[in-house]
Amino acid sequence: VQLQASGGGLVQAGGSLRLSCAASGSIVSINAMAWYRQAPGKQRELVAVITRVGSTNYGDSVKGRFTISRDNAKNTVYLQMNSLKPEDTAVYYCNAAIKGAASYYYNDYWGQGTQVTVSS
């Protein structure tokens, strides 16, 4: 099982980006999916999380600007980021609780990270 994130890049303040993260492998079920971010010199922080049935929760700094969604048929989670600010600059990581074919339990998986840079 692996997660592959994409969609990062360089954007001006006020712009938008959409991140995607697809899970692949021998997957039985995916529970919660989430996005985290880590800026230089800072701890990794939760950006947004979505349950299998679509309930969402957001970090205070992104509420009203970012939207998390998922496509269960494609095992993919998205993060639509609008009104981007320079302080949103970070490496963004996707995370998912996945039960693989060889496991009785849900395990925590991380994507490789994708850089988002917002210029002022």
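## A guided tour from Thr114 through the strands

Select Thr114 first: at a relative accessible area of 10% this residue is buried, because buried means under 20% relative accessible area. The model on display is a predicted one. Thr114 belongs to strand β11, which covers residues 114-119.

Keep Thr114 selected and display its surroundings. Setting aside residues up to four places away in sequence, Thr114 touches Ala5, Ser6, Gly7 and Gly8, and also Leu19, Ala90, Val91 and Tyr92. Which backbone atom lies 3.2 Å from a polar atom of the Thr114 side chain? Label Gly8, for the atom is the backbone nitrogen of that residue.

**Strand β1 and the open sheet**

Next, select residues 2-6, which form strand β1. The side chains of β1 alternate along the strand. Colour Leu3 and Ala5, which point to one face and are buried; then colour Gln2, Gln4 and Ser6, which point to the other face and are not buried.

Add residues 17-24, strand β3, to the selection; β1 and β3 pair in the antiparallel sense over 5 bridges. One place to examine this pairing is Gln4, whose bridge partner in β3 is Ala22.

Now extend the selection across β3 to residues 76-81. This is strand β8, which pairs with β3 in the antiparallel sense over 6 bridges. Within this pairing, Ser20 stands opposite Tyr78 in β8.

Tyr78 merits a second selection together with Arg18. The charged end of Arg18 sits over the ring of Tyr78, at 4.1 Å from the ring centre.

Zoom out to view the whole sheet. It is an open sheet of 4 strands in the order β1-β3-β8-β7, with antiparallel pairing. The edge strands are β1 and β7, the latter spanning 66-71, and each of them pairs on one side only. On average, neighbouring strands of this sheet are turned by 15 degrees against each other, direction ignored. Strands of a sheet pair through backbone hydrogen bonds, so a backbone display is a suitable view for this step.

**Arg65, in the loop before β7**

Move to Arg65, located in the loop between β6 and β7. Is Arg65 buried or exposed? Arg65 counts as buried, with 10% relative accessibility.

Show the side chain of Arg65 and its polar neighbours. A polar contact of 2.8 Å joins this side chain to that of Asp88. A polar atom of the Arg65 side chain also lies 2.9 Å from the backbone oxygen of Ser83. Beyond residues up to four places away in sequence, Arg65 touches Gln80, Met81, Asn82, Ser83, Leu84, Lys85 and Asp88.

**Arg52, in the loop between β5 and β6**

Select Arg52, found in the loop between β5 (45-50) and β6 (56-58). Arg52 is partly exposed, with a relative accessible area of 41%. To place Arg52 along the chain, draw a distance to Gly64: the two residues are 12 residues apart along the chain, and their C-alpha atoms are separated by 21 Å.

What does the side chain of Arg52 reach at 3.3 Å? The target is the backbone oxygen of Ile30. Apart from neighbours within four places in sequence, Arg52 is in contact with Ile30, Asn31, Arg70 and Asn72.

**Strand β9 and its partners**

Ile30 leads to the next selection: in β9, the bridge partner of Ile30 is Ile98. Select residues 90-100 to display strand β9, which is mostly covered, with 9 of its 11 residues buried.

Inspect the partners of β9 in turn:

- Strand β4, residues 27-38, pairs with β9 in the antiparallel sense over 9 bridges.
- Strand β10, residues 107-110, pairs with β9 in the antiparallel sense over 4 bridges.
- Strand β11 runs antiparallel to β9 and is joined to it by 3 bridges.

Select Ile98 again to follow the pairing with β10, where the bridge partner of Ile98 is Asn107. A hairpin through 6 residues joins β9 to β10.

One further selection in this region is Trp110 together with Arg44. The charged end of Arg44 sits over the ring of Trp110, 4.7 Å from the ring centre. For aromatic rings set against one another, the structure holds 1 aromatic pair.

The tour closes at β11. Select Val91, which stands opposite Gln115 in β11. Val91 is also one of the residues touched by Thr114, the starting point of the tour.

Methods
Residues numbered from 1 in each chain as written. Predicted model: local features only at pLDDT ≥ 70, side-chain atom pairs only at ≥ 80, totals over all residues. Heavy atoms only, no water. Helix = DSSP H or I, 4+ residues; strand = E, 2+ residues; numbered from the N terminus. Buried < 20%, exposed > 50% of the residue type's maximum accessible area, 1.4 Å probe, protein only. Polar contact = N/O pair within 3.5 Å; in protein donor to acceptor, adjacent residues only side chain to side chain. Contact = heavy atoms within 4.5 Å. Phe/Tyr/Trp six-rings, centres within 6.5 Å; stacked < 30°, edge-to-face > 60°. Lys NZ or Arg CZ within 6 Å of the ring centre and 35° of its normal. Pairing = 2+ DSSP bridges. Axes fitted to C-alpha atoms, helices over the stretch in contact; angles between N-to-C directions.
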